[in-house]
Structures are given as structure tokens and as C-alpha cells.
Amino acid sequence: MKIKYDILSTLLVFLMLCSTGKSFAQRRQHTKYITIDAVVQDNNGNPISGATISANDGWVVAFSDDSGKFTISVPDQSDLSIKAPAFEPVYFQAGEFAEMELFQLEPHVPLYSKRDSVNIAFGRIPKGNLIGSATFLVADDIIKYDNTQWLSDALLGRIPGLLGYNNIRGLGNALFIVDGLPRDIWTINLAEVEQISVLKDINSAMLYGSEAVNGVVLITTKRGNPNKSKINVTAYYGVSLPMQLPKYLSSADYMTLYNEARVNDGLTPLYKKRVIENYRKGHNIYRYPDIDYYSNDYLKSYKPFAKGMAEFSGGNNTATYYTNMGWEYAGSLLNFGEGRNGRRNRFNLRGNVDLNVNSFIKASLDAVAVFSNDKEPVGDYWSNAATLKPNLFSPLLPIKYIVSTEPLLKSRKNDVGEIYLLGGTQSYLTNPIADGYSGGTSENIQRNFSLNNRIDFDLSDFLNGLAFHTNISFDYFTNYDQRVANEYSVYEPTWNLTGDSIVALVKYGNDSRPGTQSVSGTYYQRRFGFYGLLDYNRIFNEVHQFTGSLLGFANSYKMMGDYQSKKNANFGLRLNYIYNRKYMVDFSSAYVNSVKLPPKARRAFSPSFGLAWMISSEDFMSSVKAIDYLKLRLTGGIINYDAGIGGFFDYIGRYAKSTGYQWNELNWGNEGVVAVQGENNVMGFEKRRELNIGIEGSFFHQMLALEANIFSSLNYDMVTRAQTIYPTFYSQFIPYVNFDKNAYKGAEIGLTFNRKLGDFRIVLGANALYTTSEVIRRDEIYADAYQYRQGRPVDARFGLVAAGLFMDEEEISNSPTQTFGTVKPGDIKYVDQNNDGVININDEVQIGRWQAPFSYGLHLCLTYKNVSFYALGNGRKGADSYINGNYYWVDGDKKYSEYILNRWTEETKTTATYPRLTTMTSTNNFRNSTFWLYRDDYFTLQRAQLTYEFPKVLAQTLQMKNISCFLDGSGLFTVSKYRDIKELRVGSEPNYRSFSVGLKMQF
């Protein structure tokens, strides 16, 4: 596959260069050149200096002087443009205006610019006209100082009210919209993006219907600009270092503690002291193996990665284009066999084309293809590394230790470099080391294709301000594993009495390399989307602005294994009025449909409203020089949704076969029918009601920017099988009903400080979110009041309260009865909450919260002349997490980690922080309780970058517009009392801390 990738990459680059070269050659082949000498003036006859006159997509450029004069020589068929700040641009063809001596530019009073606008649902408006709660990011502003590649990284820590990258205000996963329709974002590089808009309240997200219940993240990709050719190239190389690797005990320590565990259970030790000592001395590591799968014997200290990416954009007044193509490579951390050659290759290609069909029709076509291949040895190295104990066997047996008379030595068909045979036992016929050397390879292959087709109709000839837009999308993703698996033999040795040679071998398995390729793990998902939008936007008397949108929106999503695709369809209506750019009113609504509800309840109307007041535009604010911009807003609404309804037919009464029934106390074998659940033909939508009050502003000549919101949300009529409102004898007939209710409240704030002092500039940004929740109504019944979830946070963690470790049998006898298994001294003791003398699940109480009520993000950008430094971090406070998993919860014959060293023993029982060891299943100790709970507060410096922009003189000498280099790092450090636990990943590839150096070039 590597050859295929090389050929594909080379071919595409060649075609791109050829097309670029061809267009350049065609321009040079024009034999007739003309020279234009003219003057640029405004409509009052004043000369305009510094106007840019460009031709051939910006390949030929001239500038007007102080008197407005310019001279430019171009082919006679060239398209030219004249642009100057604060003026409308002029476009013309050279041959038609060769004799033109004067160009007058009209003043431009923009309603909004790209930088001062926000993408909202199915439209783009000036930020000052925004009524709903929305925050946006300009991707180029991020990339200039931060070479982050992925959208999830770009969102993390930068948006007020956003938890992680996809949870707005703690309500749940947001809906991602890419270029107008729902899509996954993993295929998109940040460099492809023009703007990211986060729509946080119901009013701003309403037109997307029920899927927008948790807010919307809008991704708008880049497009070409007429008569402005751009080429951007970025390349970097870096290394990723594991943050933490698991630390397991050596063979001798494991065997010693396993003996201790057996004694704790009343059993005799398994390993003799003499044998343990042989393992500890390590004189013969093949007879007495001590395998550390995380050592440098098998892992590198880092893995490399690299990326190259190029962007091409431009066009003319008829057609524009944007193209992004990139290749990404990541190596493997494994340092042996096929693992050493492991790699991941990813190739992406995007093309966005816009075409002016005629004076009133515009069309756009976007196509994206992403190919990803991840090659590694067969098997699961990381899972095996976390479970295989160090003393089981030696995975490699030196051939030099084997007596030459051993017949299996001569008849072998497989070895490792003629130095080793593969070791194993009858119980372990495969292992990760043998897989790496002789097991073959596995390649995960992913393909993603996306297509967008938009058509825009300008209907101003029928009614001024009227337009119609359509958009159709299709996405397809496929994934499968391609394997070339081999069979191999492993050998179990018999050592001589002195332990220096292998006198016999037992062979398990056969050696075979059939070369057969197999495919497994197939998976696909596909998505269709469509909308049609009738839009009206008109300003009367420069004071009254009316906006209206009538929408039909639908999309369908299906994954492999789904019997029915997930569908979302709705009509939308938006009416907006702005008076004198000061007073704003918005009504946005959706008429939604759900196939999960009974036919008579499948449609519902979702209304929302918005009010905004531009205070800074009032006359009485004209004397307040400290305020540049200030706006208050109030929004609210109710949205109907079906996200919490699990099945498509939960409203239907269900029945099932019974294997028999009782009649006259005899059990007959005849089949019968029994009820499973009742019918509910009026089961309706779940609902969310919200109120949002916000303020945004800019102060002290844009030195300080503020965005803040207070919000309250109620999710109600949530669907559940409400056991508590029906009698117990009715249990088999209980239907799904609208019953549960949760409330969410909170506040968010974002502040940005921007100051320039000579050649030095500082930009400091901070955002914070405080959110809390409460269960208002829940279908539940418990014996004790403290167990009820009602009145507690939605994210409450429930568990037992630990009261230390049992010291001795007398303490156990004097304590309540533990029902989670037989307990001994050294086991965890729990509090009897209801004082019934029994410890069971009825003693579980709220012990924490899994979602942090307070979260925040910080970013800093310092620039001095050509040098800049950028840093981004995020943190949270108030969340609780559990220490769990086999690395920490060790019982039975599991592998022992260093975490257990301070276990309970008779000698350490007053200082122990870990329960006694046991070879049995410890259901008493290893369950959710305060013993394993920790406060998961942290601050992470997720990214930092140092950038140097080379002097313009050097860039111009190299025929470039700009050239810069950078050094960056990600996942740099975490401040937390439990940093080791947070950074450690067990059973899969580790978390990484990455560093890279790169170069950016603009042409």
C-alpha cells in the first residue's frame, strides 16, 4: 500500500503542478500585450494612492502612486481588478479598456466584512446584528500563531461555554454542521476552515430542528476569491513521546506478592523462595524471564510524525476555486519485527468550486476525499502487554543455548535472524513478541468521501431582496481490516541442571506463510442531507431591515447494522426585524418530525424569540469614549427533540412467546403469549425550554472585549418506562411515557485583552463556565431518602462511603455484615448509611460529580517584531473520577502494578493505602466507593508555539509573499495532584507529548 500511496501522491502533485504550469504557460503564450496608463480617483476627483491593480489571478500586480497613477502591462485578454480600502472594487478586461485613462472608485460602506460577521443557521450576518448567543473563531487567526491541525484542538479551551470540544454548557454533544449540513469533523483540517461558529442557545440553533437541542457548531470551509491567487504550503516534522507508561512489578516481586496473596487467602505459597531468588538475580533471563513489555527492548523512546500540506485558491469573476491537499505520516512506537515498520498514512484532498452561471444563478460544488491506512503487526500488543505476567515464559530463546543434537533445531522453518527461536508454552501459543516477528501484518483502511452541491438563485428581479438556495450533500465512510496472517511455532524449553543450556524442546503449532489476504472488521456509514431555503433581506429607508427565511431541511444517517436510518426533517421559519441597527427582534421556529413517535404525535412546533439592544448606538452613549460597542440580548424558546428516545417503536405494545403456562398447578409445555410492555399512542417529544440573557462589548478602543451569558434550561417530558406511577401487578404492561425532568443553570464569560506598545503586542484571553444541574423529577423508588436522585445533580456519582480497612477479625465481627463477599482483615470497610446492620447497595449515597461545575480556558499571544509566542491551556475544578481498571484493581491472577506496593499487611496495616492482596475475586473491594474516588481538578498546557517570520526582503527574493518557521509542542504538562493517573493509558497506545518544527510559505 505504501507504493500505491507514493504513486497516488506523486500523480496528484504532478497534475496540480502541471495545471498550474499550464495556466502560466498559456498566459505567457499571448503574443499581444498592452500597456495601460491610467489614474485612480474617487468620485470627487481626488487621487487614490496605494490602490492595487492586479491581473491574471494576482500574478501581475501594480500599485497607484500618490497622484493615483499606475502603469501595467498585461495580455489583452487578461481580467484586471482595481481595489482600494474603503472603495468598491472595479473589474474589467484589458482589451476593452486599453484606452481608459481614468478609473473612478465608488466609496464602500460595508454592511459587514468577513472578519466582522458570523455564520448563523443558513446565513451570514454582521456580528452587530446577531441576536442569539454565538461565538466564532477565524481559522487563519489561529493558524497564524498555532499550528494546530484538528478542529477538536482548535475548539478546546477557546470558546466560552464549551466543555471539551463538543459539549455546550454541559447539556450534551453538540450538532456539527459543515458547509450547511450535518457531518463528522474528523476528516477536516483546520487549514481548510474559514470560520467556526458555536451557536449556544435555542434561538440561534432552532432552524436545524430537533438535532440542535444541545447547540450547534458550524464549520465553514474556505473558498477562492476572484482575481486573487494564493498558494500556501506548510510542512513540519516532529516526535511524540509517551506521557506515562505502565509500571509493572518484576518477576521476583510479582511472585513474592502472589505468594503473599495466597497466604492471605489461607493457601500455601506457589513459588519457592529459591526459585524467586533465581528470578531476582537475573543470571539467566531466558530460563528465569523478567519481561517488561514497556522497556526499551520493545519500545522506542519516541515515534516520528510528519505532514505536508498545500492550498491553492483563486479564480476570476466567472469561477473561483479552493483546493487543499495534504499527506500525514506517523510512525510506530514498537521497536521490533514488523512493529518497527508500523506506520499510519493519511492523504486528504478537498476541492471547493464556485461558478457564476449567469447574473442570477450561482452554483457551488465541494468534493472531499480522505484515505487513511494504519499498518501494524497482527494481534493487540498493548492489550497483551497489560495482561501478560513477566515470569510466564521467555518470548525469545537463543539458538546458541540449545544443544546441537536437538532435532527440532535442525528442522525449524522459522527463527528470528538465525539468533532466536520463538518461545511459548502450551497455554500461550501466541504472544505479542512472536506476533511482531512472525505473525504477519494487519492494515486498517479507512476511506471517506463527501460531496456538496449548492445552487443560489438571486430573485431580486421578482422582488428586491429575495433569494432561493438549495444544498444537497452525500457522505460515505468505510472501514475494514486487511490482514496477511502467518502461522508460527513456539517452543517450550527444558533446561539442564546448571541452567546454562537447553537440552530439549517441545514444539507447539506449525510454521506457515500462506500469503493469503483476508478482510474483516468491515464497517460503513453514510449520510444524506438536503435543504431548500427561501430568503428575504431588505433595508427600507436605511432604517428598517426585514429578514425572513422559510426552510425545508432533512438528513438521514445510517451505520452498518442499522435496520433503519436515523432521520431528521423539519420546516423552519425565521422572521427578523432591526430598527436603525439598534433594536432587534427575532422569531425563529421549527416544525419538527420524528419517526420514533406514534403517527399522531410525530410532529410538533418549536418556537423561539430573541431581543437585542445595541446600547452603544444610542445618542446618549456618544460621549462615553471608553465604550466602542455594547449590546444586550435576551433569548428564549422551546425545542422538541427525540434524542433521548432509544428505539423506533417504543410506543408500540410488545408481546413475546412464553415457554409454558400454569394451569391447575401443572406446567404445560404449550407456548403462550405474554406482555412485555404497554402501548402509548400519545407518547410525545422530549422538550427543552431555555432562557438566555447576554451582554457583549468592546472597550477602550478595542483593547478589551467581553462576552457573557446567564442561562437557565429545563429538559422535561423525557421518555422513560415509569414504574412508579403504575401498580406492581401492571409491570408487564407499563408503557414508555413522558415523565423525567432535569434543570440546568449557569453562567459563562469570555474576556480578551489586546494591547500594542510600539513593536510589542500582547493578546491575553480567558473564558470560564460555571454550570450546575438538578434532577427535578425521576422515575425512581428507594427504601431510603438519601438514595433518591431527585434534587441532586444530573451528573451525580453514587457509591459506598469507605471507612478505611479492616484491622482484624474482631473489627469485622463488630461491624455490619458485608454482603459483597467474604471479607478479611485488609479489606475495605463501608459505612452503614441506614443502620440496618447490613452493607449492600442500599448504602450507596452521592459521593461526587462526574462533570466539573467550573471549567476555564486561557490563551496568550506575545509578538515582538517578527517573533511571536503563543500558549493555550484549559482546566476544570469540581469533578470527581474513579481510580479503576485492572492496573489498579488487582485480584485473582492479574498482573501486578507498582500501584499495589503500599498494600495492607499485618506490618503496614496502620499506614496501608491499598487493600490486602488476594487470588480470589474481590467483589467487596473493587466497586465504586470513596476509597477509589479522587478530585479530578487540573490545568493542562495543551499547546505552545514559537514562530519567526522571515524579513519581507528575503521572502520577495525567494518569490514568496511570506515565509515563517515555527517550533511547537502539544500536551506539554498537566498540573494535578493525580497527574500520573490522568496521563496514564493502559491496554492501548499511550498518550503522547509531541514536539515539531515546521515551515510555512505563502506565494
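This report describes a nonpolar surface patch and a four-stranded sheet in a predicted model.

## The nonpolar surface patch

Eight side chains are listed for a nonpolar patch of about 740 Å² on the surface: Leu 534, Leu 550, Phe 571, Leu 573, Leu 575, Phe 587, Tyr 591 and Phe 605. Two elements each give two or more residues to the patch, namely strand S30, which spans 566–579, and strand S31, which spans 583–593. With three residues, S30 supplies the largest share.

## Tyr 591 within the patch

Tyr 591, one of the patch residues, belongs to strand S31. Its relative accessibility is 38%. Because buried means under 20% and exposed means over 50%, with partly exposed in between, Tyr 591 is classed as partly exposed at this value.

## The open sheet

Elsewhere in the chain, four strands build an open sheet with antiparallel pairing. Their order across the sheet is S3-S2-S5-S6. Strand S3 (60–63) and strand S6 (90–93) are the edge strands, and each of them pairs on one side only. On average, neighbouring strands of this sheet are turned by 20 degrees against each other, with direction ignored.

## The pairing of S5 and S6

Strand S5 covers residues 79–83 and runs antiparallel to S6. The two strands are joined by four bridges. Within this pairing, Asp 79 has Gln 93 of S6 as its bridge partner.

Key
Residues are numbered from 1 along each chain as its sequence is written. This is a predicted model: local features need pLDDT of at least 70, side-chain atom pairs count only at pLDDT 80 or more; totals for chains, interfaces and linings use all residues. Side-chain values use heavy atoms; hydrogens and water are left out. Patches are made of residues with over 30% relative accessible area and no salt bridge: like charges are joined within 9 Å, nonpolar side chains (Val, Leu, Ile, Met, Phe, Trp, Tyr) within 5 Å. Accessible areas come from the Shrake-Rupley method with a 1.4 Å probe; for residues, only the protein chains shown count as cover. Buried means under 20% relative accessible area, exposed over 50%, partly exposed in between (1.4 Å probe, protein chains only). Two strands pair if DSSP finds at least two bridges between them. Axes are lines fitted to C-alpha atoms, for helices over the stretch in contact, and angles run from 0 to 180 degrees between N-to-C directions.
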